[in-house]
Amino acid sequence: MAGALGRGAADPGMRAARAGIAAICFWSAACGASRIPVALRGYEILVDRKDPLGTEMARAFRENGFRVRGAVRGGSRPTAALVFFTFREPGRDTETWLHLRLADTRTGEIVGAAMVSLDSVGPDAKARADAGVRALLAKPVPTPP
């Protein structure tokens, strides 16, 4: 009866399964954290725009392991506000670029920046958001001295 209620000795197979599940969870958490650039670790992301692209940006950040908020809150963890806009040089046959910046809400320091050519991604907000977040999380290319 005690075994049926979960108070008895655990079956050795069940112990091994639990240990395996714990190892997988630990490994998954460690791998998720390693995808986040060092400069952005520990930050929550503020996405306060409610348009389709803002909504998709919030989703893409969540899928990449960030906690996303819609408003600034005092006394919270370090937060980086997402600022993004599109830009196109005047003239024919010029590319449209999505510019993204992550700014620390306490200091104003830019902690992440990226640009994505919108001509190279799909026309929908989901494709643009995914490409933008991938670009922000990409390893920075070293600059020459």
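This passage walks through the fold of a predicted model, from the overall layout to the sheet, the helices and two loop residues.

To start with the overall layout, the protein has 3 helices and 5 strands. Going along the sequence, these elements follow the pattern α-β-α-β-β-β-β-α. Of the 145 residues, 31% count as buried. As for contacts, if one takes those between residues at least 6 apart in sequence, 48% of them join residues at least 24 apart.

The sheet comes next. Strands of a sheet pair through backbone hydrogen bonds, and the pairing can be parallel or antiparallel. Here the 5 strands make an open sheet with mixed pairing, and the order across the sheet is S2-S1-S3-S4-S5. The edges are taken by S2 (68–69) and S5 (110–117); each of these has a single partner strand, so one side of each has no neighbour in the sheet.

Moving inward, S1 (residues 44–46) runs parallel to S3 (residues 79–88), and 3 bridges hold the pair on record. Within that pairing, isoleucine 45 sits opposite alanine 80 of S3. Alanine 80 also stands opposite aspartate 104 of S4, so this S3 residue faces isoleucine 45 as well as aspartate 104. The S3–S4 pairing itself is antiparallel and counts 9 bridges, with S4 covering residues 96–104. S4 is also joined to S5, again in the antiparallel sense, by 7 bridges. In that pairing, leucine 98 has valine 116 of S5 as its bridge partner.

Two helices pack on this sheet. H2 touches S1, S2, S3 and S4, and its direction makes about 130 degrees with that of S3. H3 touches S3, S4 and S5, and its direction makes about 130 degrees with that of S5.

H2 and H3 also meet each other. The axes of H2 (residues 52–63) and H3 (residues 125–137) come within 8 Å and cross at roughly 50 degrees. With that angle, H2 counts as oblique to H3. The crossing is right-handed. On the H2 side, the contact involves Pro52, Leu53, Glu56, Met57, Arg59, Ala60 and Phe61. Their counterparts in H3 are Ala125, Lys126, Arg128, Ala129, Asp130, Val133 and Leu136. Sorted by type, the residues of this contact come to 9 nonpolar and 5 charged, with no polar ones.

Finally, two residues in the loops deserve a look. Aspartate 93 lies in the loop between S3 and S4. Its phi is near 55 degrees, a positive value in a residue other than glycine. Aspartate 93 is also exposed, with a relative accessible area of 75%; the cut-off for that label is over 50%.

Glycine 108 is found one loop further on, between S4 and S5. Its relative accessibility is 49%, so glycine 108 counts as partly exposed. Alanine 81 lies 27 residues away from glycine 108 in sequence, and the C-alpha atoms of the two are 9.1 Å apart in space.

Technical notes
Residues numbered from 1 in each chain as written. Predicted model: local features only at pLDDT ≥ 70, side-chain atom pairs only at ≥ 80, totals over all residues. Heavy atoms only, no water. Pairing = 2+ DSSP bridges. Helix = DSSP H or I, 4+ residues; strand = E, 2+ residues; numbered from the N terminus. Axes fitted to C-alpha atoms, helices over the stretch in contact; angles between N-to-C directions. Parallel < 35°, antiparallel > 145°, perpendicular 65-115°, else oblique. Left-handed = near helix turned anticlockwise from the far one by under 90°. Contact = heavy atoms within 4.5 Å. Nonpolar A, V, L, I, M, F, W, Y, C, P; charged D, E, K, R; others polar. Buried < 20%, exposed > 50% of the residue type's maximum accessible area, 1.4 Å probe, protein only.
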